[in-house]
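Visitor: I should like to go through this model with you, element by element. Please show the sequence and the structure before we begin.

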Amino acid sequence: MAISIQIDHVSREYGPVKALDDVSIDIKAGEFFTLLGSSGCGKSSLLKLIGGFDRQTSGRVCFDGKDVGDLPANQRPVNTVFQNLALFPHMSVAQNVGYGLRLKGLSGSRLQVKIDDALDLVELTGFGARDVNLLSGGQRQRVALARALVMEPGILLLDEPLTGLDERLRQQMRDEFGRLHKRTGATFILVTHNQDEALSLSDRMAVMHKGRIEQMDVPARFFETPANAFVARFVGIDTLLHPQAVLVSGNHGAATIAGQTVQVRIAGPADPAASVVAIRPDRLFLAPPNTDAALRLCVSGTTFRGLHRDLRLAFGDGQTLMIAIDADMDIGELAIGQEVAIGLKPDAAVLISR
Amino acid sequence: MTRPRLPISSMLMTPPLLAILALGLAPLAIVVIWSFWSWDPLTYWIKPDLSLAGYAGILEAGRWTVIVSTLVKAFATAFLCLLIAYPTAYAIHFLAGRRLSILLLALITIPFFTSYLIRSFSWRLVLGRTGVINTLLLDLGITQEPLDWLLFSNFAVVVGLIASYLPFATFPLLLSMRRVDPTLLAAAQDLGAGFWKCLTTVLLPLTLSGIFAGFLFVFVMVVGSSTEVQMLGGAGASIVSVMINDVMRVANYPLAFAISTIVLAVIFGLVLIGNRLFGLASLFEDRSP
Amino acid sequence: MTKHGTQVSSIRHSNVQRRDFLKLMGAGGVALSAGGLGFASRLAAQEAGTVAFWATATLDIGEKWQEFARQAGVAPEFTDNGNDLGPVIARLAAGNANDLFDIGGFQGGAEKELARQGVIIPWDLAKIPNYESVWQWAKDIPYLKQDGKQYGIPTVVNADSIIYRPDKLGKIDSYGAIFDPKLKGRVAMEDAWINSAIFTAMYLKESENQPIADPGNLSESELGLVMEFLIKHKTDGQFRTFWNGWEQGVQLVADEEVDAMTGWEPIVYEGRKRGLQVEYAVPVEGYEGWGNNTVLLKGAGDRGVADAAHTFVDGLLGGFYGCELGQARGYLVPTDNNVVYAKAHPEEYKPEEVEKLANHVKAKFAGKIYWQNARPDNFQLYEEWWQKLRNA
């Protein structure tokens, strides 16, 4: 049975250091929720609190509304796939997978059936007798998954489980997580610093920074309306321009950047000193030279990226924006300093807080 | 990885192998061989007449009981040392912070810097009739008379032996615990194991080599000890080393060698069994992925 | 003779190292130490004016040997022999000790065996003028002469009895106190048959009229009688412990573990220094006298250094050595030359102290004495019985 989680004003302090600073999250039962952030942001600390390996300094952690603060790790309906997998090196694959069930008192054929089912689930049928130390990275990953899933946990915690795998395996295992999430229906919580993983798997995700949640939303919203400059950068919106002035009318407005006007959606303070204009690179295009409402910018560099080219363009005050163009697009030679017109598709620019 | 072995490597291996043979095995082989020779009253030395007199001597004057009681003491001390050292090593490695663990390590190491003689001697001041413990018991009114059995008894000997050789159990255990990834314990907990299950199903199996190494170190040290027995034992208390010393004093070399041979055989047997059962060698393997 | 000994000729360890090895290595140490019996790398002093002196460590006066050499004209190279007569005899008989050393300084008793083996040769008393000054009772030590020839020169002598607490026991004048059931668990003896067997034999002979001829050299049946007696008392719990070494002996008395024990007189002085009322008994059964005697090794004669050896021993009896040893260790060289020397050099040694020590020891030897025997005829039986006692 999937379990919902309520993180209620939780802080975790190590002396003067706040690993978690007044964090509140509601995770729905059966949701695939991702905690995204760079190392040291507090995402692993939060995972430890949910797993029961640590205790918060203040606030409450509840499962299905019930406070689990006094419940030790071994009694929580939570299982974890650890970052380094933590397979028991002195046990076979089957012994690893069956470990938790044996503690529950299962034995004999009932145990065997469950182990076999779990190995089937992760496509390791027949691997039971193998030595875990002699498996490949992907196989070890699956054993760790099977060991956690065989417990039929209400909550599955995945602590950076794909680190250390090569790109092909990452893709493969990522798909596996999605499939298993649907199969088991459990609440999955993934901790990662990799936004691709987060975006492709999550129902919802939270970007964390310095112990706080910067933004919590469905993945698409992070691109539509990043909460602030940090989140924007974290999800890959690198063009963040400082406006000289902002004119607001309802949800929309106009920002002046280096003397040029950009139409923006307003999602931050109107004060130009407290906000930036985030521009989605996928909503810019090279416009014919005399298009109205286009920005006129000078080329300051190009970078060949294989399938596309990055074109860096500068405003009069030196701020730059990046636009990706098809690698084989016929635009002739672009000289450094040459002026080009850049068109903005609807909703390309949004004013967010700094 | 298997690579074809180059002849150069075996050439390089020869000098150290010879050194090990000369320094380690040769003297032991001599002990074994000489134990079958006979004592020559004419020269006070031994002559190569094959004889089992040395071994027959072990059966006389209760000498074999000394060997047995030495082995019992060694087993008991090694076992008790492990009982104390395991939680100690656990505390140092898993519970204590950096500073505290350094302090605890220092406390364990300090005895290494005093001689066995002084260490044993100080136990006489603790366990004696007017020693710290008896004084305390009398002052608290728990006893009316000093407890005589605290000192000059097997109890005192085992206390002294434990105090002397505890570090020999602690360090291999620490070494083996350092090799255990702490997330394995978290994983066991995560899968429903309480403290004791964690200990018995994960930590103990993964530190078996350290347990056996600690046991063996203490065992061998006790078998070779004499100071603790001489300082803390009762009237005429004996242990193999004391007995060998007695025998050497009257130049009965075949007997001394025979006793040594028996003890060596027991120790070698233990090492072989231990290696088979507990994988002693794995303590020194590199298991990092 | 040396064919067994040279097999491990590359290893050398002195007996002190051997004992350390036994402690450190237990069984394994025996192998190495056995090698040490056979060979030493140092060659005996060959040049005139130097002799190799192989003696009990307590006879060493360290840097004072320089002054000794200046006065006597012979300089010794001192080597500790470990004080265990078994290995010492083995090194002389089967090993190469005679290639290395010129003079031995051994606890008395082994002279008979050494002479029988031909590893020591007699002294020529005419070449030791100072021998005249040796006290008569020291000259009468039974082990010095074999077949009418002088094999041993007494260098250090003293006599041992019982250390006891008069405040607890009153006056004690018999070894019977050691075996008195009233003192059960409050007495101790030394963990060495060489002393404890003779004390017990003296008691049985003198106070219980047992048929014992020579307490220092027990026959098989006498030994059985003595040891059975000890075993009975040990199993009755009579002894608190058997002590090993000086510090342990002192501690037993100082910390009231025992009220009486057989042992060395310096323990009494140490006890008094710590404020205890401790006395040294004058037992009716007599003292156990002991002497460390110098013997002339056969090798010295072969190498032609016998004359230098005589000069050296004459020097030991000359006064300076006795003063130095008395001051450093409280040991007595049995000659009046000590007092003469101290009176001539009052700035270095106090004549009254030297005289006091001499008179004190002389007084002990005025009474009954049985001589410690480091190598009784049945020495291996002694060891066997000692094991039985240990394991009883």
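Visitor: How far does helix 3 (residues 63-95) of chain B reach from its first C-alpha to its last?

Guide: This is a predicted model, in which local features need pLDDT of at least 70, side-chain atom pairs count only at pLDDT 80 or more, and totals for chains, interfaces and linings use all residues. Residues are numbered from 1 along each chain as its sequence is written, and chains are lettered from A and ligands numbered from 1 in the order in which they are written. Helices (DSSP runs of H or I, at least four residues) and strands (runs of E, at least two) are numbered from the N terminus. Helix 3 of chain B has 33 residues, and the expected span of a helix is 1.5 Å times one less than its number of residues; close to the 48 Å expected, this helix reaches 47 Å.

Visitor: At which residue does helix 3 of chain B bend?

Guide: The bend at a residue is the angle between axes fitted to the seven residues ending there and the seven starting there. For helix 3 of chain B the angle is about 25 degrees, and a proline, B:Pro87, follows within four residues of the bend, which is at B:Ala85.

Visitor: Which residues of chain B does the UniProt annotation "domain: ABC transmembrane type-1" cover?

Guide: The annotation comes from an unreviewed UniProt entry; positions are given in the numbering used here, feature names are shortened, and annotations may be inferred rather than shown by experiment. The annotated span is 77% helix and 0% strand, with its end C-alpha atoms 21 Å apart. According to the record, the annotation covers residues 67-274 of chain B.

Visitor: Which strands stand at the edges of the open sheet in chain A?

Guide: Two strands pair if DSSP finds at least two bridges between them. In chain A, 6 strands form the open sheet with mixed pairing, in the order 6-7-8-3-9-10. Each edge strand has a single partner strand, so one side of each is left without a neighbour in the sheet; these are strand 6 (78-81) and strand 10 (212-217).

Visitor: Which residue stands opposite A:Thr34 in strand 9 of chain A?

Guide: Strand 3 (residues 32-36) and strand 9 (residues 204-209) of chain A pair in the parallel sense over 4 bridges. Across this pairing, the residue opposite A:Thr34 is A:Met205.

Visitor: In which sense do strand 1 and strand 2 of chain A pair?

Guide: These strands form a hairpin with 2 residues between them, and A:Gly15 in the turn has a positive phi of about 60 degrees. A:Ile5 stands opposite A:Ile27 in strand 2 of chain A. Strand 1 (residues 5-14) and strand 2 (residues 17-27) are joined over 7 bridges, and the sense is antiparallel.

Visitor: Which element gives the most to the side of chain C that touches chain B?

Guide: Two residues are in contact if their C-beta atoms, placed from the backbone, lie within 7 Å. Here 46 residues of chain C are in contact with 51 residues of chain B. Elements that each supply at least two residues of this side of chain C include helix 1 (15-25), helix 2 (27-36) and helix 18 (379-391). With 10 residues, the element that gives the most is helix 18 of chain C.

Visitor: Which helix gives the most to the side of chain B that touches chain A?

Guide: In this interface 15 residues of chain B are in contact with 16 residues of chain A. Helix 8 (182-190) and helix 9 (195-206) of chain B each supply at least two residues of that side. With 6 residues, the one that gives the most is helix 8 of chain B.

Visitor: How far apart are the nearest C-alpha atoms of chain A and chain C?

Guide: Among the 2 pairs of chains that touch, the most contacts are between chains B and C. Chain A and chain C do not touch, and the distance between their nearest C-alpha atoms is 36 Å.
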